[in-house]
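Hi,

Here is the structure I promised to pass on. Have a look at it first, and then read my notes below.

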Amino acid sequence: MGAKTIAIETCELHKVYRKHLGRKGKPTLAGLNLQIFENEIYGFLGKNGAGKTTTIKMLCGLMKPDSGSARILGQKVPSRDARKLVGYLPENPYFYEYLTPKETLTFYGRLRGLSAKERAREWDRLSLDLDLRDIADQRVRGFSKGMRQRLGFAVALVGNPPIVILDEPMSGLDPMGRRRIRDLIVRLRDEKKTVFFSSHVLSDVELISDRVGMLVNGRLHRQGVMDDLLATRVQLVEVVARGLEPHVAQEIARTAFRTRHSEESDHFSFSDMDQANAAAAEVLAHGARLIEFSPVRESLEDYFVREQVQVEVGV
Amino acid sequence: MRTLTVALNTYREAVRDKILYVLLFFAGATILASKALGYISMGQDVKIIADISLAAISIFGALIAIFVGTNLVYKEIDKRTIYTILSQPMWRYEFVLGKYLGLAMLIGTTTGLMGFGAAAYLWILGGAVNAAYFEALFLIYCKLLLVTGLSVLMSTITSPILGAIIVLTAYFLGHATGILLELPGHFDGTLSKQALEAAYYVVPNLGNFDIWREYANGVAVPHSYVAWAAAYGAIYTVMLLFFAAVAFQDKDV
């Protein structure tokens, strides 16, 4: 397999916001190093104030670092060439209230330098993809959160940029809205785009991300492929058997930390994979049926909280 | 193209600003009310009406430039519409210039509306609406473009309230540069003297644009003077826009 192409790279990014009278505050970014590969979905995690939005704003040319550098597909950030490659959805996107979605996309199409023909083509494509046609001529003023988010997504995709950066794209959306955004993000990867997004909705991040990075105190605390990060931490293993003799069930229950007996089956929960394996072997050896053997791995939320607590207590 | 896109959108947005209509209403009311002063001025009514009308266009135009202009960039940051704009592949100076041009178009529209309205009023009352009137109107517009430039500069570096105070102060000082020339003599040996002297050289002389009294009194103003005053305004305006672009270039939003 060939080496992966780096889509977004940051090197020792530092940023300190100034407080009143020019006094320096706590660093928001304290040497952030990131590498996001082409055609992956990268979930960017961190508590409020961890520096996620600051990083995203830097990548989109809205802020400058105090020191350090960043590149997008080899183009220096901030630069016009880098911004050409990026589509950006800010958190809670705001648009001119008096414009309609069609006028909004035309406005951004012009800023991207698209011709009238290209703008019309983009409207046809994006209004269909994001279901904007029914609201094409309504003013943004009366839009719900979900409608604004869809419009924001469409704006981020005007001009078909290869890299899409999304800041809290699921924030404040109902389950249907979140699912829609998730599906869109996955579709972007299918279209060979790179998606870099931050989110507090960790269940969604877990569902769609190829890799995640966790920002703590302005540094990348952990980074990795989702399966690698979470698979090593099996919280418990559920074993369900049917047709067990009572004495065998009692024997197995000794090593389980939780058991439940129903009319048809016996349920055992193990905290250890080896114990679960031994129990499964016992079930089969006694001619009973193994109905279920399911390791329950740690969720991303559990992982996030655990890591965060460890940092805070200094482990 | 991108500058024009921002300019047209700024115009469209500024037209919706309620303060614009409040100021236009008062400008119109002042122009119409000038007839009342005309009655008590013993045969000088047309002259008084011309004088007050053009002064009203200048003052209310400046107030529009100041109150809309100092809000221009700040509002984009405050309402967060700027995020999706500056993340597009455009230069920041294009944004600043577009905001300025949009407001300049609006000021052109309002000056034109007030100017042509006042001209019609004067014509109905038997006043002379000639080339001198439109030259006076043109220089008022040049002055307003300069005030707009200063307002946009303030909008990139400070809050609307502080910006408006600074531009209003500069506006009044700009009409009283003579005072800035005489005042430093009273502050010998203090820092105030240097500050006032510096202010004299920095603050544009807005009196250069006021030829409406000459028009009202029927005094001819050479075309060369009009051209000189317009060039003076243009140079100042370009400098102010340059500073605005520089101030905005590295601003974190």
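**Cavities, sheets and the chain contact**

By class, the lining of the second largest cavity splits into 5 nonpolar and 5 charged residues, with no polar ones. Before I go on, please keep in mind that this is a predicted model.

Staying with that second largest cavity, its volume is about 70 Å³. The residues around it are A:Arg125, A:Leu126, A:Asp129, A:Leu130, A:Leu157, A:Leu184, A:Arg187, A:Leu188, A:Glu191 and A:Lys193. Two elements of chain A give two or more residues to this lining, namely α4 (116-129) and α6 (175-190). You will meet α6(A) again further down, as it packs on a sheet.

How many cavities of 30 Å³ or more does the structure hold? There are 4 of them. The largest has about 90 Å³ of space, and its lining is made up of B:Thr10, B:Glu13, B:Ala14, B:Asp17, B:Val68, B:Asn71, B:Leu72, B:Lys75 and B:Lys99. In this lining you get 4 charged, 3 nonpolar and 2 polar residues. From chain B, α1 (2-14) and α4 (72-78) each put in at least two lining residues. The biggest contributor is α1(B), with 3 residues.

Now for the sheets, both in chain A.

The first one to look at is an open sheet of 6 strands with mixed pairing, in the order β6-β7-β8-β3-β9-β10 (chain A). Its edge strands are β6 (86-89) and β10 (219-225) of chain A, and each of these pairs on one side only. On average, neighbouring strands in this sheet are turned by 15 degrees against each other, if you ignore direction. At the β6 edge, β6(A) runs parallel to strand β7 (residues 163-167) of chain A, and 4 bridges join the two. If you want a place to start on that pair, go to A:Tyr88, whose bridge partner in β7(A) is A:Ile165.

Which helices pack on this sheet? One is α5 (residues 145-157) of chain A, which touches β6 and β7 of chain A. The direction of α5(A) makes about 165 degrees with that of β6(A). Another is α6(A), which touches β3 (41-46), β7 and β8 (194-198) of chain A. Here the angle between the direction of α6(A) and that of β3(A) is about 135 degrees. So that you can tie this back to the cavities: α6(A) is one of the elements that line the second largest cavity, and A:Leu157 is also among the residues of that lining.

The other sheet is open too, with 4 strands in the order β12-β13-β11-β14 (chain A) and antiparallel pairing. Its edges are β12 (258-261) and β14 of chain A; each has a single partner strand, so one side of each is left without a neighbour in the sheet. Neighbouring strands are turned by 10 degrees against each other on average, again ignoring direction.

Strand β11 (residues 234-242) of chain A has partners on record here in both β14 and β13. With β14 (residues 289-297) of chain A, β11(A) pairs in the antiparallel sense over 8 bridges. Along that pair, A:Arg242 sits opposite A:Arg289, and A:Leu236 sits opposite A:Val296. With β13 (residues 265-270) of chain A, β11(A) is joined by 6 bridges, also antiparallel. There, A:Val240 faces A:His267. Helix α9 (residues 246-253) of chain A lies across β12 and β13 of chain A, and runs at about 15 degrees to β13(A).

Next, the contact between the chains. Chain A brings 29 residues to it and chain B brings 28. Together they bury about 2,800 Å², and 55% of that is on carbon and sulfur atoms. Which three residues supply the most of the area that chain B buries against chain A? They are B:Thr84, B:Gln88 and B:Pro89, which supply 20% of it.

Two backbone details in chain A to finish. The peptide bond from A:Val77 to A:Pro78 is cis, with omega near 0 degrees. A:Pro78 lies in the loop between β5 (75-77) and α2 (80-84) of chain A. The other detail is A:Glu12, which is not a glycine but has a positive phi, near 50 degrees. You will find A:Glu12 in strand β1 (residues 6-18) of chain A.

Cheers

Conventions
Residues numbered from 1 in each chain as written. Chains lettered and ligands numbered in written order. Predicted model: local features only at pLDDT ≥ 70, side-chain atom pairs only at ≥ 80, totals over all residues. Heavy atoms only, no water. 1 Å grid on protein atoms, 1.4 Å probe; cavity = no way out; pocket = protein on both sides within 12 Å on 5 of 7 lines; lining within 4 Å. Points joined across faces, edges and corners; volume = space filled by probe spheres on them. Nonpolar A, V, L, I, M, F, W, Y, C, P; charged D, E, K, R; others polar. Pairing = 2+ DSSP bridges. Axes fitted to C-alpha atoms, helices over the stretch in contact; angles between N-to-C directions. Contact = heavy atoms within 4.5 Å. Buried area = accessible area lost by both parts, 1.4 Å probe.
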